[in-house]
Amino acid sequence: MFLTAEQDAHLTKWRDEIGAIFPQRAKRDIHFQHLKHEQKIAACTHLASKPFGACVVLSNKRTIRHSGKYEIFKQPQHLYNYLVRFLLERLTVACKRHATRSGHAEASLSITFSRRTGTDYQVMAEYLRLMRDGKEVKQPLRSIDWSVFDPDDIRVENHEKRAGLQLADVVTSATFNAFEPGIYGHCETGYAEAIRSRFIKDQGCALNCGLTLTPLAMQNPMPQKQLDFALSFK
């Protein structure tokens with residue numbers, strides 16, 4: 001989720017508003033996967049009414065084995081760090097753009113990750129510093145705006161302790177369900193459709209901005225239904 005500092009202060013209230021829709025739930029925190037279908041739709045619809053930006057990166061892992069990068073990405077955390085890079089490239093641009101439109105001379109992006117088993121966030125920070133210092137063997141086509149983001153400004157918190165992480169889970173899980181078939185082979189686009197308006201855009205286009213696929217949509221061997229849904233974000 002992409003928010004201003006002022007919006008960030010409302011995250012607990014937003015999370016509790018969604019929880020209030022399901023009064024029989026015993027826990028205050030929200031886990032998207034534990035909600036029923038109707039509850040997921042309700043959660044996404046309510047969240048979509050709030051002022052935030054959605055930015056999601058999805059990787060088709062089945063393509064990695066034949067990409068020439070399999071030996072790299074099969075190493076622990078390499079793919080995750082690579083996708084975080086895609087995310088930060090888009091978020092820093094959006095952050096700078098928002099600051100400029102709001103009349104601010106400077107922009108600053110802070111990142112909070114949900115603590116994830118097997119992920120070393122110090123290693124991630126080192127990878128980002130290597131990028132920042134121009135030490136990559138191959139220079140990227142895009143770049144993170146380092147005037148906006150400092151790799152030392154990464155926080156890690158537990159999912160159940162921070163409302164913003166729970167709401168971010170709603171966004172990412174809703175999008176994931178639109179592209180990853182369930183146990184019966186069906187993709188559910190309704191959740192992502194409910195939050196469609198929140199995906200950040202570049203010149204009116206959310207594809208490869210708020211919604212990024214790797215490989216890119218037209219190079220991605222996904223079923224036609226998923227491809228059509230992805231292209232609808234253009």
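Contact here means heavy atoms within 4.5 Å. The model is predicted, so to speak on paper: local features need pLDDT of at least 70 and side-chain atom pairs count only at pLDDT 80 or more, while totals for chains, interfaces and linings use all residues. Residues are numbered from 1 along each chain as its sequence is written, and side-chain values use heavy atoms, with hydrogens and water left out.

Q: Is Tyr191 buried or exposed?
A: Tyr191 sits in helix H8 (residues 190-194); helices are DSSP runs of H or I with at least four residues, strands are E runs of at least two, and both are numbered from the N terminus. Buried means under 20% relative accessible area, exposed over 50%, and partly exposed in between (1.4 Å probe, protein chains only). Leaving aside residues up to four places away in sequence, Tyr191 touches Phe32, His37, Lys40, Ile41, Cys44, Ala174 and Asn177. Its relative accessibility is 5%, so Tyr191 counts as buried.

Q: How far apart in space are Tyr191 and Val171, C-alpha to C-alpha?
A: Along the sequence, Tyr191 and Val171 are 20 residues apart. In space, their C-alpha to C-alpha distance is 8.6 Å.

Q: At what angle do helices H2 and H3 pack?
A: Axes are lines fitted to C-alpha atoms, for helices over the stretch in contact, and angles run from 0 to 180 degrees between N-to-C directions. The axes of H2 (residues 11-21) and H3 (residues 37-47) are 10 Å apart. Their packing angle is about 145 degrees.

Q: How many nonpolar residues does the contact of H2 with H3 have?
A: H2 brings Glu17, Ile18 and Ile21, and H3 brings Ala42, Ala43, His46 and Leu47. Ala, Val, Leu, Ile, Met, Phe, Trp, Tyr, Cys and Pro count as nonpolar, Asp, Glu, Lys and Arg as charged, and the others, Gly among them, as polar. Besides one polar and one charged residue, the nonpolar count is five.

Q: Which residues of strand S2 point to one face and are buried?
A: In a regular strand the side chains alternate between the two faces of the sheet. Strand S2 (residues 111-114) does this, with Thr112 and Ser114 on the face where they are not buried. On the other side of the pattern, the buried ones are Ile111 and Phe113.

Q: What is the bridge partner of Ile111 in S3?
A: Two strands pair if DSSP finds at least two bridges between them. S2 and S3 (residues 154-157) run parallel, joined by four bridges. Opposite Ile111, the partner in S3 is Ile154.

Q: Which residue stands opposite Leu211 in S4?
A: S4 (residues 211-214) is covered on both faces, with Leu211 and Leu213 buried on one side and Thr212 and Thr214 buried on the other. S4 is joined by four bridges to S1 (residues 56-59), and the two run parallel. The residue facing Leu211 is Val56.

Q: What is the peptide bond from Thr214 to Pro215, cis or trans?
A: Most residues other than glycine have a negative phi, and most peptide bonds are trans. Pro215 lies in the loop between S4 and helix H9 (224-231). From Thr214 to Pro215, omega is near 0 degrees and the bond is cis.

Q: Is Gln203 buried or exposed?
A: Gln203 is in the loop between H8 and S4. Though not a glycine, Gln203 has a positive phi of about 55 degrees. Its relative accessibility is 82%, so Gln203 counts as exposed.
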